[in-house]
Amino acid sequence: MGNKTKIAIQKIKNEDVKTSVFSALELINAKELMQKENMVVLLKPNILMGKPAERGVNTHPEVVRSVIQWVKQFNPSKIYVSDSAGGQKPGITETAMKESGIQDICEEEGAICVPFEKTEREIYKVKDALELKEISSSRLIREADLIINIPKIKTHWQCTLTCCIKNMFGTVLLANKAKTHAQAAILERFCSALVDIYSISKPQLTVIDGYYCQEGQGPSSGDVVKLDIILAGYDGVALDTTVCKIIGFEPTEILYLEKAEEKKLGTTDLESVEFLGEPIESVFRQFKRPKLKPISMPLPKWLADYIGKTIFKASVKFDSEKCKLCSTCWTNCPVNAITPPAELKKGNIPKWDNKKCITCFCCVELCPHEAVKFKLNYVKNALFSWMGLGCIAFLAMIIVLILWILNL
Ligand code: SF4
Ligand code: SF4
């Protein structure tokens, strides 16, 4: 079979998830990745929101447990299970981790369950960027010896499918997801952004949760499909292409796959895949497509960039009652957007430079006294942008014109 990339497909029989995960990983000989001693392993499941496992929204906790147990055989020094949930409210990922059942299984298995936004930040430069030149994310992505992507098979109202490539959007922190959506408002540009985001981590191994999936109006309000399969492989693009074949979608419908292949992140050519375990035909199940049409504003690039950077810009606020002027925020800001006040005395607060800030949320997460909060104020941002001021000026002119006409 030469240099073909391996993909294993296994059925889940009698709810025995562990056997399926272990045999899929054995079929592709994944233990070859575990040769180093004391490895730091990062698992990236899909933890979108606090929903029970059987609703098919988040990666099933038993799939995460099985991957942890498989990794534990090789005596790693640390296993992290991380994601950044949908939404922008601080604490939202912790809630999702708890209510999805994933935090509990991490505690039982001795893995560290931590939201990406609670870890140290790092700015990643994107090589041959299609849309995003740099991405603010977790330092774990660079520090991990091995990243295992554990996505779930779901339809997605905007991208049609969410699985391997789309799952790494969770490495973008909280409100920065909204900013990315705004900046890349056209679907084509959003798919380019997804490929850039995937490229900074490019997980070496993927285990796909095809246990409880979603069809139709996924990724959170679709109908549950108990597909009962596990896939394992190394090439996320080839795996997403395989999932398309299993659920009856054409890979060409999924815009980010072509872009990912162009960026040399993997292949959509299933002739270059060595399939192991169950054949695709034996696990085929036609999925309903999402009916919603994606909201995709055909804005010129400069306008979309402008809106993304202004209207969706989070503001950092300091609480003068809580701030102890401990210096943590200004010494840890990666772009020096925070400076100490002129005088270090109680009641004064650090200064924040809106123009320099890249909304990495480090200051919010690291402040030991919970004295930093971030806020996304769309209306204020819009009003105080050049676009808002232009609109106000235009409205004022219309009112003046009407009054002038009435006076005549
Ligand atoms: S980290 Fe918190 S307490 Fe320390 S200076 Fe900054 S805002 Fe104040
Ligand atoms: S001010 Fe805070 S959110 Fe902005 S870049 Fe600095 S640490 Fe990050």
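At roughly what angle do the axes of helix α8 and helix α10 cross? They cross at roughly 50°, and the two axes come within 9 Å. That pair is a handy way into this structure, which is a predicted model. The chain itself splits into domain 1 (5-283), domain 2 (314-376) and domain 3 (377-408). Below is a quick tour, from the domains to the helix pairs, the ligand and a couple of backbone oddities.

**Domains**

- Taken over C-alpha atoms, the centres of domain 1 and domain 2 are 33 Å apart.
- Where these two domains touch, domain 1 puts in 12 residues and domain 2 puts in 11 residues.
- On the domain 1 side of that contact, β5 (121-125) and α7 (176-183) each chip in with at least two residues.
- That side of domain 1 is a mix by class: five nonpolar, three polar and four charged residues.

**Helix pairs**

A quick word on how to read these: two packed helices are described by the angle between their axes and the distance between the axes.

*α8 with α10*

- Helix α8 covers residues 187-201 and helix α10 covers residues 255-262. With a crossing of roughly 50°, α8 is therefore oblique to α10.
- The crossing of α8 past α10 is right-handed.
- From α8, the contact uses L187, E188, C191, S192, L194, V195 and Y198, and they meet L255, Y256, K259 and A260 of α10.
- Sorted by class, this contact comes out as eight nonpolar, one polar and two charged residues.

*α1 with α2*

- α1 packs against helix α2 (residues 61-72) at an angle of about 50°, and their axes are 9 Å apart. So α1 is oblique to α2.
- Here, too, there's a handedness to note: α1 passes α2 in a right-handed crossing.
- On the α1 side you'll find V17, K18, V21, F22 and L25, while α2 brings E62, V63, S66, V67, Q69 and W70.
- The class split for this contact is seven nonpolar, two polar and two charged residues.

*α7 with α12*

- You've already met α7 at the domain contact. Its axis also comes within 7 Å of the axis of helix α12 (residues 301-310), and the two cross at roughly 160°.
- An angle over 145 degrees counts as roughly antiparallel, so that is how α7 and α12 run relative to each other.
- α7 goes past α12 in a right-handed crossing.
- K179, A182 and Q183 are the α7 residues in this contact, and A304, D305, I307 and G308 are their partners in α12.
- By class, that gives three nonpolar, two polar and two charged residues.

**Ligand 1**

- Ligand 1 sits among 13 residues, and the closest of them are C323, C326, T328, C329 and C367.
- The shell around ligand 1 has nine nonpolar residues, along with three polar and one charged.

**Backbone oddities**

Some background first: most residues other than glycine have a negative phi, and most peptide bonds are trans.

- Have a look at G218 and P219, which are joined by a cis peptide bond with omega of about 20°.
- To find P219, go to the loop between β10 (205-215) and β11 (223-233).
- N29 isn't a glycine, but it has a positive phi of about 60°.
- N29 is in a loop as well, between α1 (17-27) and β2 (40-45).

How values were computed
Residues are numbered from 1 along each chain as its sequence is written. Chains are lettered from A and ligands numbered from 1 in the order in which they are written. This is a predicted model: local features need pLDDT of at least 70, side-chain atom pairs count only at pLDDT 80 or more; totals for chains, interfaces and linings use all residues. Domain bounds come from an automatic or database domain assignment. Two residues are in contact if their C-beta atoms, placed from the backbone, lie within 7 Å. Helices (H or I, at least four residues) and strands (E, at least two) are DSSP runs, numbered from the N terminus. Ala, Val, Leu, Ile, Met, Phe, Trp, Tyr, Cys and Pro count as nonpolar, Asp, Glu, Lys and Arg as charged, and the others, Gly among them, as polar. Axes are lines fitted to C-alpha atoms, for helices over the stretch in contact, and angles run from 0 to 180 degrees between N-to-C directions. Angles under 35 degrees count as roughly parallel, over 145 as roughly antiparallel, 65 to 115 as roughly perpendicular and the rest as oblique. A crossing is left-handed if the near helix is turned anticlockwise from the far one by less than a right angle, and right-handed if clockwise. A residue is near a molecule or strand if its C-beta atom, placed from the backbone, lies within 6 Å of it.
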